[in-house]
Each structure stands twice: as structure tokens, then as C-alpha cells.
Amino acid sequence: MSDDHEITLGHIETEVALLMRFGEATRRATGTAEHRVLDRAAYVILRHLDNAGPQNVSALAAQLNLDGSTVTRQVSALQRDGLITRTPDPSDGRGTVISATTAGLQRMAAVRSARTRLYGDMLADWSPADRETLARLLGRLNQALVNRNRRR
């Protein structure tokens, strides 16, 4: 690899590390209650259920690139909080299908709305084209991460 290539990859690594760190710090420091009504795991699961519809734990784990036992634990906490329901899986009598409840979707929507406002404020001086480029490139980065993890 060329030196320029190595420098660019090092810059990307640093920026991603900082993005993760600053993103978490911003989430914790934001004073609005909407940011805190769900933890990160619950938010991601509810977002996925909202987009994809009811799923069994195995499908959910595969889509989120998590171990089934991890998802089962997270789903149990969501069920305890009334944010999801479990029903028998019609295709597998031993399993269950996970569905978001109205309360779960409302909490997820509140967090999504608060985050959207936050990013809107932070990126207010960016051009629409720059915001669209950022969204597209973040989507590509996330897909590359998914693809890499699925190959393992």
C-alpha cells in the first residue's frame, strides 16, 4: 500500500473512533428526556422492528449481527418494560415472534425525533448536498461493516 493510502486509512480510523466517542458523549450530555427513554440496544431493536415488522429472535439477531442469547436478553428487558410482545411463531412451534407494542413504537419515535432535531441543529450550516452525501456515505460504511461481519 502507498503511504498516501495508509495515511488516508489512518485518518478514517481516527475519525470513526472520534465519531463513536463524540456521539456517545453527545447522547449522554443532551439534556432532553427523549434521548434517555430507551437505551441504545432497545432503540436499535425497536427501529428494526418498525422497519421490518415482527420477527423471530434468530432473524432479529442475524439482521443486527448479534448473538441470539444477547438478543434474547435484550428482548426480555423490552418485554418486561411493555415495549414488545411475544407470540408463538407459526413456522416454528418452539419459537416466538417479536413485535413492537404501541408504547415501544412511541418511545422509539420520541428518541428518533429528538436525534433528528439534534442532527438538524448540528448540521444546520451544511448544504443539503453535503448532508445527503454524509447520509449516503454513512450508509455505505454501515453496509461495509455488515458485509464484513457476515463473511466471518
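How many salt bridges does a search of the whole structure find? The search finds 1 salt bridge, and it appears in the second view below. The model is predicted.

**Figure 1. Overview of the protein chain, with its 6 helices and 3 strands.** Along the sequence, the helices and strands follow the pattern α-α-β-α-α-β-β-α-α. The C-alpha atoms fill a box of roughly 55 × 40 × 25 Å, taken along the principal axes. The chain has 152 residues, and 21% of them count as buried. Among contacts between residues at least 6 apart in sequence, 45% join residues at least 24 apart.

**Figure 2. The salt bridge between Asp50 and Arg112.** The closest N and O atoms of Asp50 and Arg112 are 3.6 Å apart. Asp50 belongs to helix H2 and Arg112 to helix H5, so named along the chain, and the pair links distant parts of the chain, 62 residues apart. Asp50 is partly exposed, because its relative accessibility is 34%. Arg112 also counts as partly exposed, with a relative accessible area of 30%.

**Figure 3. Met108 and its surroundings in helix H5.** Met108 has a relative accessible area of 1%, so this residue is buried. Leaving aside residues up to four places away in sequence, Met108 touches Leu38, Tyr43, Leu46, Arg47 and Asp50. Asp50 in this list is the residue that forms the salt bridge with Arg112. Val71 is 37 residues from Met108 in sequence, and their C-alpha atoms are 17 Å apart in space.

**Figure 4. The largest nonpolar core, made of 18 residues.** Leu38, Leu46, Leu60, Leu78 and Ile84 touch the most other members of the core. At least two core residues come from each of helix H2 (40–52), helix H3 (57–64), helix H4 (68–80) and helix H5 (102–122). H2 gives the most, with 5 residues. A closer look at Leu78 shows contacts with Ala42, Ile45, Leu46, Leu83 and Ile84, not counting residues up to four places away in sequence. Of these partners, Leu46 and Ile84 are themselves among the members that touch the most others.

**Figure 5. The largest pocket and the residues around it.** The space in this pocket is about 2500 Å³. Its lining holds 46 residues, and those nearest the pocket centre are Leu19, Arg115, Tyr119, Leu138 and Asn142. Helix H1 (3–29), H2, H3, H5 and helix H6 (128–151) each supply at least two residues of the lining. H6 gives the most, with 13 residues. By class, 24 lining residues are nonpolar, 13 are polar and 9 are charged. Rolling a probe the size of a water molecule over the atoms shows where empty space is left.

**Figure 6. Asn65 in the loop between H3 and H4.** Most residues other than glycine have a negative phi. Asn65, a residue other than glycine, has a positive phi near 55°. Its relative accessibility is 38%, so Asn65 counts as partly exposed. The helices on either side of this loop, H3 (57–64) and H4 (68–80), each supply at least two residues of the largest nonpolar core shown in Figure 4.

Conventions. Residues numbered from 1 in each chain as written. Predicted model: local features only at pLDDT ≥ 70, side-chain atom pairs only at ≥ 80, totals over all residues. Heavy atoms only, no water. Core = buried A, V, L, I, M, F, W, Y, C linked by side-chain atoms within 4.5 Å. Buried < 20%, exposed > 50% of the residue type's maximum accessible area, 1.4 Å probe, protein only. Contact = heavy atoms within 4.5 Å. 1 Å grid on protein atoms, 1.4 Å probe; cavity = no way out; pocket = protein on both sides within 12 Å on 5 of 7 lines; lining within 4 Å. Points joined across faces, edges and corners; volume = space filled by probe spheres on them. Nonpolar A, V, L, I, M, F, W, Y, C, P; charged D, E, K, R; others polar. Salt bridge = Lys/Arg side-chain N within 4 Å of Asp/Glu carboxyl O.
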